[in-house]
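Biologist: I would like to go through this model feature by feature. Please give the general idea each time, then the case at hand.

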Amino acid sequence: MRRPRNIVILTGAGISAESGIDTFRGAGGLWENHRVEDVATPDAFARDPELVLRFYDMRREAIQTREPNAAHIALARLDREWAARSGGGEVLIVTQNVDDLHERGGALNVLHMHGEHLSVWCGACDERHRWVGALLHRPPCPACGEAALRPDIVWFGEVPYRMDDIYQALAAADLFVSIGTSGAVYPAAGFVRTARELGLQTLELNLERSQGSAWFEETRLGPATQIVPEWVEELLR
Ligand code: OAD
C-alpha cells in the first residue's frame, strides 16, 4: 500500500467483542435474544417504552463493567501518534458502536454515528446529557425537568449522526479502514463504495469475510486484538 496521510477508520461491534460485548449478528448476538423491531425503533419505544428502556438500561450498565482491549488501545495510539509520524496527517475513528471503549482506550478523535449508551436525549427540550444510571424509572431531564428522556441511540428508521462530517473526512482521506463490522447496515456499509469512488485505498480487518469484503482492495482476517495492533505497528514503523 502507498503511504497514506489522512485515515478514516470505521469500527463495528467486532472490535469490542473481545472486551465481552456481544456483536449483533453472530451466534449469541444481540438480535437473537431481542427482535430488533421490539427494542431499536421509535415505534417500539412508543409502543412499549418499559421494554426498550429496560433493554438499554441493561446494556448501559454492562458496558461500564467492560474494559478496552488491545485493538482499542492500538487505534488510540495511532490517533495520538499519527500526526507527528506522518507530518500532519489526521486520523478519524468513525464508530457504529455505542460503547465508550475507544475513548477509555485513549482515542481522541471519535465520532459516534449511532449514538452513545452513556448519553440521553430529552424529547421535550432536545438537550443531550451524559448519563450513567437507569432510565426505567423515568427520571426528569436535568435541563427542563420533564420525564421525557430516551437513550441517545440512533434507532432503525432514524438518520445517523454527523453524516456530513463523515463524508467530508472521506473526501479528504487517502485510506479507509473498516474493522469488525458485518457491512449489513447502511449508510455505514456504503462508506467503502464512496471511498473507492473517491480513489482512497481500502482495507478491511475482520474475523471473517463480511458482506462488504468484495469492495475492499485488501482484507486481513483474524481477531481484532491481534490484527489491529499488527496493522498499527506496521503503519507507525
Ligand atoms: P455485526 O454484529 O453485524 O458484525 C460484527 C462483525 O464483527 C462480524 O463481521 C464479525 O465477523 C466480526 N467480529 C466478531 N468478532 C470479532 C473479533 N474478535 N475481531 C474482529 N472481528 C470480529 O455488528 P456491526 O457491523 O457493528 O446499529 O453492526 C452494525 C449496526 O447494526 C450496529 O451499529 C447496530 C446494529 O443494528 C444500531 O444500533 C443503530
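**Reading the model**

Modeller: Ala40 counts as buried, because its relative accessibility is 3% and the cut-off for buried is under 20%. Keep in mind that this is a predicted model.

Biologist: Where does Ala40 sit in the chain?

Modeller: Ala40 is in the loop that runs between helix H2 (36–39) and helix H3 (42–47).

Biologist: How far apart in space are Ala40 and Ser86?

Modeller: Their C-alpha atoms are 40 Å apart, with the two positions 46 residues apart in sequence. A second pair involves Arg3: its C-alpha atom is separated from that of Ala40 by 40 Å, at 37 residues apart along the chain.

Biologist: Which residues does Arg3 touch, not counting those up to four places away in sequence?

Modeller: Arg3 belongs to the segment before strand E1 and touches Trp82, Arg85 and Leu235. With Leu235 there is also a polar contact: the Arg3 side chain reaches the backbone oxygen of that residue at 3.1 Å.

Biologist: Next, the ligand. Which residues come nearest to the ligand?

Modeller: A shell is read from the residues around a molecule. Here there are 23 residues around the ligand, and Ala13, Phe24, Arg25, Thr181 and Ser182 come nearest. By class, the shell holds 10 nonpolar, 10 polar and three charged residues.

Biologist: Which polar atoms of the protein lie by the ligand's oxygen and nitrogen atoms?

Modeller: For polar pairs, the cut-off is 3.5 Å between N or O atoms. The side chain of Glu18 has an N or O atom 2.9 Å from a ligand nitrogen. A polar backbone atom of Phe24 is 2.7 Å from a ligand oxygen, and a polar side-chain atom of His114 lies 2.8 Å from an oxygen of the ligand. As for cover, the ligand on its own has 790 Å² of accessible area, of which the protein covers 93%.

Biologist: Ser210 has contacts with two of the residues you named. Which residues does Ser210 touch?

Modeller: Leaving out residues up to four places away in sequence, Ser210 touches Thr181, Ser182 and Glu204. Thr181 and Ser182 are among the residues that come nearest to the ligand. The side chains of Ser210 and Glu204 are joined by a polar contact of 2.5 Å.

Biologist: Is Ser210 buried or exposed?

Modeller: Ser210 is in the loop between strand E8 (201–206) and strand E9 (218–221). Its relative accessible area is 15%, so Ser210 is buried.

Biologist: How should I read the nonpolar interior, and which residues have the most contacts inside the largest core?

Modeller: Look for buried nonpolar residues joined through side-chain atoms. The largest nonpolar core has 25 residues, and those with the most contacts inside it are Ile9, Leu75, Leu78, Val177, Val228 and Trp231. Two or more residues each come from strand E1 (7–11), helix H5 (70–86), strand E2 (91–95), strand E7 (175–179), E8 and helix H9 (224–236). H9 gives the largest share, seven residues.

Biologist: What is Val177 in contact with, leaving aside its neighbours within four places in sequence?

Modeller: Val177 is in contact with Ile7, Val8, Ile9, Leu10, Leu203, Leu205 and Trp231. A second core, separate from the largest one, has 18 residues, including Val8, Ala169, Ala173 and Leu200.

Biologist: Now the backbone. Where is there a cis peptide bond?

Modeller: The omega angle is what to check. The bond joining Tyr186 and Pro187 is cis, with omega about 10 degrees. Pro187 lies in the loop between E7 and helix H8 (191–197).

Biologist: Which residues have a positive phi although they are not glycine?

Modeller: Arg138 has a positive phi of about 55 degrees, and Arg162 also has a positive phi of about 55 degrees. Arg138 is in the loop between strand E5 (128–130) and strand E6 (149–153), while Arg162 is in the loop between E6 and helix H7 (163–171). With a relative accessible area of 33%, Arg138 is partly exposed.

Biologist: Leu135 is in the loop between E5 and E6 too. Is Leu135 buried or exposed?

Modeller: Leu135 is buried, since its relative accessible area is 1%. Beyond neighbours within four places in sequence, Leu135 is in contact with Leu53, Asp57, Arg60, Val120, Leu149, Arg150 and Pro151.

How values were computed: Residues are numbered from 1 along each chain as its sequence is written. This is a predicted model: local features need pLDDT of at least 70, side-chain atom pairs count only at pLDDT 80 or more; totals for chains, interfaces and linings use all residues. Side-chain values use heavy atoms; hydrogens and water are left out. Helices (H or I, at least four residues) and strands (E, at least two) are DSSP runs, numbered from the N terminus. Buried means under 20% relative accessible area, exposed over 50%, partly exposed in between (1.4 Å probe, protein chains only). A polar contact is a pair of N or O atoms within 3.5 Å; within protein, one must be able to donate a hydrogen and the other to accept it, and residues adjacent in sequence count only if both atoms are side-chain atoms. Contact means heavy atoms within 4.5 Å. A residue is near a molecule or strand if one of its heavy atoms lies within 4 Å of it. Accessible areas come from the Shrake-Rupley method with a 1.4 Å probe; for residues, only the protein chains shown count as cover. Ala, Val, Leu, Ile, Met, Phe, Trp, Tyr, Cys and Pro count as nonpolar, Asp, Glu, Lys and Arg as charged, and the others, Gly among them, as polar. A nonpolar core is a set of buried Ala, Val, Leu, Ile, Met, Phe, Trp, Tyr and Cys residues joined through side-chain atoms within 4.5 Å.
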